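Biologist: I would be grateful for a close look at a single part of this model, with its surroundings described in a connected way. Please begin with one residue and work outwards from there.

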Amino acid sequence: MKNLSLTWNLDSIYEGGSNSQTFAAELAGLEQDINKLGASLADKESAQSLQERLTSWTDLVQSIMLRLQESGSFVSCLQAQDMKDTKASLLNDRLKTISASFQGVLTRFDEQLRETPDAEWEAWLSQEEIKPVAFNLNERRELAKDKLPPEQEALISELSVDGYHGWSDLYDTVVGRAKFRAQDENGNEQLLSAGQMHNRLSDGDRAVREAAFDEWEREWGEQAELCGEGLNRIAGFRLKLYGKRGWESVLKEPLQINRMSEATLNAMWSAVEAGKAELTKYLQRKAKLMGLEKLDWHDVDAPLGATAKIVPYDEAAAFIVERFRAFNPDLAEFSEKAFREGWIEVEDRSGKRPGGFCTSFPKSRQTRIFMTYSGTASNIATLAHELGHAYHQYLMDDLPPLAQDYAMNVAETASTFAEMIVADSALQMATEPQEKLAMLEDKLGRSVAFFMDIHARFVFETGFYEKRRSGMLSVEELSTLMEDAQAKAFGDILGRKHPEFWASKLHFYLTGVPFYNFPYTFGFLFSSGIYARALAEGQGFAQRYVDLLRDTGRMNVEDLAYKHLGVKLDDTSFWSEAVKLCIADVQTFLDLTE
């Protein structure tokens, strides 16, 4: 694979970028159909039977959902590729208004589901055309019983655009304006975006990443007051809404979204805590190898040694496709298509959003992947990770839109599984001791991220929400809370911590998904258990894996795991075995570095 484009092609979705007339027509069509659905739901004089109306409403709901996802992904891509695209920001505002209007109509749709008599409900769900989305409709019906009256929920959705979601938009503006000072190869000062600067935090040269971390903390310290205001307001909105609904636990909504029980969450964290002792040995040895008493925050993800191998993008793409092919040719062919048809944005330039993501265009049956590629092992892992997301969506493209609505925790399963395929293959192919050590270290680093870093985020957020019930927290309180969370999650292995992490991390400001943290650890461990079975069964497991992924949008995770793996997720046994697999390389690492 050579001469691959470093930028994606969005014109094949809607030509013209933020000036696209095709996209403008799409939004107009959405507004028209949402109004049509609202009018139909309010029509009390319809000559159709209740079951006929339920089917008609469901069809229109799914059509709108498909196009809204397509539109939302398009705007997200426009904003990510250029955070100063003001027209894209205006489109985002309009889309949020449309989405709020749809949510308002959906509350009336859900109310109709809730009010349908049980006998008629069961008869309707038994129809062949409805069976594929029966789980999703039942889920909506039950959730409707747990919310405020539809008129109030609709009003909340409308007010959220300029309130709740507005604070999230403000954070995006802050990130786009943030500038970080750094020196180029000739020693001249340059200004970098957050995405460019973030890559320097894992540079192989400790002096470079230490200087980058100082600058990272300085700039986020400058922005902390605005970030703190946004974070407090987002949490305040959620807590007030939860109170009105009668929800006592702040975990109720994220657990509902992820279709999992609190017992499963607790079993997972219990197993993670038990496995941290082995990871601590790895981190202590890493500190010793780097000549440090303790690792600072910016050392945790850094490669061992002063220099790290830089892999050209084309070479990384070819390696990933080759590794995927050994597991499942279909996964490899899909990934090759994504590389060749301009589905991936990796160019290292200013003005881009930091981080990486994969977003789906279910109407076009395409996906887009976003990141900033600089040739590091971490970049290659991210690329494989996002391709896993893309493949998951590809497997769902022929399902009804409602059945494509899989949660974040199982979405992270497919991405992490893809990452493991590449990481393990690279490790097995390594022949030089130093190369093998680097691969091993990178693999163990992911366990540190999911067991410690993600846990720190979860501890911070749960603690923050508990304190926020009593009022807003100051910047100093937020930073102290973050340092305490990092100390709890990492134990005594960190020297310098990252108190401004709460300000720098986008995930805390996402209003669409609260607690954007524990699903990552779930996906990492769940995919580890799946990966163990894949290793044991060989290529014959590929179809079982595909079947599991296709069910992710129409089952809760406990039922999904029991059906396809025969395990109970609310018991620590599965999680403990997965943790052992993740940290099995610690002793090998210790032996190699003795």
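Modeller: In this predicted model, Y545 has a relative accessibility of 3%, and because the limit for a buried residue is under 20%, Y545 counts as buried. Y545 belongs to helix α21, which spans residues 541-550. The buried residues of this helix are F541, A542, Y545, V546, L548 and L549. Around the helix axis they cover an arc of only 160°, which means that they sit on the same side of α21. Several helices contribute to the cover over these residues, including α13 (313-327), α15 (377-396), α16 (408-429), α20 (518-537) and α22 (557-565).

The contribution of α16 can be followed down to individual rings. The structure holds 41 aromatic pairs. In one of them, the ring centres of F417 and Y545 lie 4.3 Å apart with their planes at 25°, so this pair is stacked. The pair joins distant parts of the chain, since F417 is in helix α16 and Y545 in helix α21, 128 residues apart. F417 is buried as well, with a relative accessible area of 1%.

Helix α22, named above in the cover of α21, can be described in the same manner. Its buried residues are V557, E558, L560, A561, H564 and L565. Viewed down the axis of α22, they fall within an arc of 165°, so they line one face of the helix. Y562 and K563, by contrast, are exposed on the other side of α22. The cover over the buried residues of α22 includes α11 (262-289), α16, α20 and α21. Helices α16 and α20 are thus named both in the cover of α21 and in that of α22.

Helix α20 offers a further view of this part through F522, which is placed in that helix. F522 is buried, with a relative accessible area of 0%. Setting aside neighbours within four places in sequence, F522 is in contact with M260, T264, M268, N409, V410, T413, V557, L569 and W575. One of these contacts, V557, is listed among the buried residues of α22. Along the chain, F522 and A534 are 12 residues apart, and their C-alpha atoms are separated by 18 Å.

Aromatic residues also gather elsewhere in the model. One aromatic cluster is formed by W269, W297, F458, F460, F464, Y465, F490, F501, F508, F515 and F518.

For the question of internal space, a general remark is useful. Rolling a probe the size of a water molecule over the atoms shows where empty space is left. A search of the whole structure finds 1 cavity of 30 Å³ or more. The largest cavity has a volume of about 60 Å³. Its lining consists of M83, V175, G176, A178, K179, S193, A194, G351, K352 and P354. By residue type, this lining divides into 5 nonpolar, 3 polar and 2 charged.

Two residues may be noted for their backbone geometry. N3 has a positive phi of about 55° although it is not a glycine. N3 lies in the segment before α1 (21-42) and counts as exposed at 74% relative accessibility. R365, likewise a residue other than glycine, has a positive phi near 55°. R365 is found in the loop between β4 (357-361) and β5 (366-370). With a relative accessible area of 48%, R365 is partly exposed.

Two further positions serve as reference points, given here with their distances to other parts of the chain. S126 is in the loop between α4 (118-125) and α5 (134-144), where it counts as partly exposed at 44% relative accessibility. S126 and C77 are 49 residues apart in sequence and 40 Å apart in space, C-alpha to C-alpha. A211 is found in helix α9, residues 206-245, and is partly exposed, with a relative accessible area of 45%. A211 and R181 are 30 residues apart along the chain, with 9.7 Å between their C-alpha atoms.

To return to the starting point, Y545 is a buried residue on the side of α21 that holds the buried residues of that helix, and its ring is stacked with that of F417.

Terms used
Residues are numbered from 1 along each chain as its sequence is written. This is a predicted model: local features need pLDDT of at least 70, side-chain atom pairs count only at pLDDT 80 or more; totals for chains, interfaces and linings use all residues. Side-chain values use heavy atoms; hydrogens and water are left out. Buried means under 20% relative accessible area, exposed over 50%, partly exposed in between (1.4 Å probe, protein chains only). Helices (H or I, at least four residues) and strands (E, at least two) are DSSP runs, numbered from the N terminus. The arc is that of the directions from the helix axis to the C-beta atoms. Contact means heavy atoms within 4.5 Å. On a 1 Å grid over the protein atoms alone, a cavity is a set of points where a 1.4 Å probe fits but cannot get out, and a pocket is an open set with protein on both sides within 12 Å along at least five of seven lines; lining residues have an atom within 4 Å of a point. Grid points are joined across faces, edges and corners, and a volume is the space filled by probe spheres set on the points. Ala, Val, Leu, Ile, Met, Phe, Trp, Tyr, Cys and Pro count as nonpolar, Asp, Glu, Lys and Arg as charged, and the others, Gly among them, as polar. Rings of Phe, Tyr and Trp (its six-membered ring) pair if their centres lie within 6.5 Å; planes under 30 degrees apart count as stacked, over 60 as edge-to-face and the rest as tilted.
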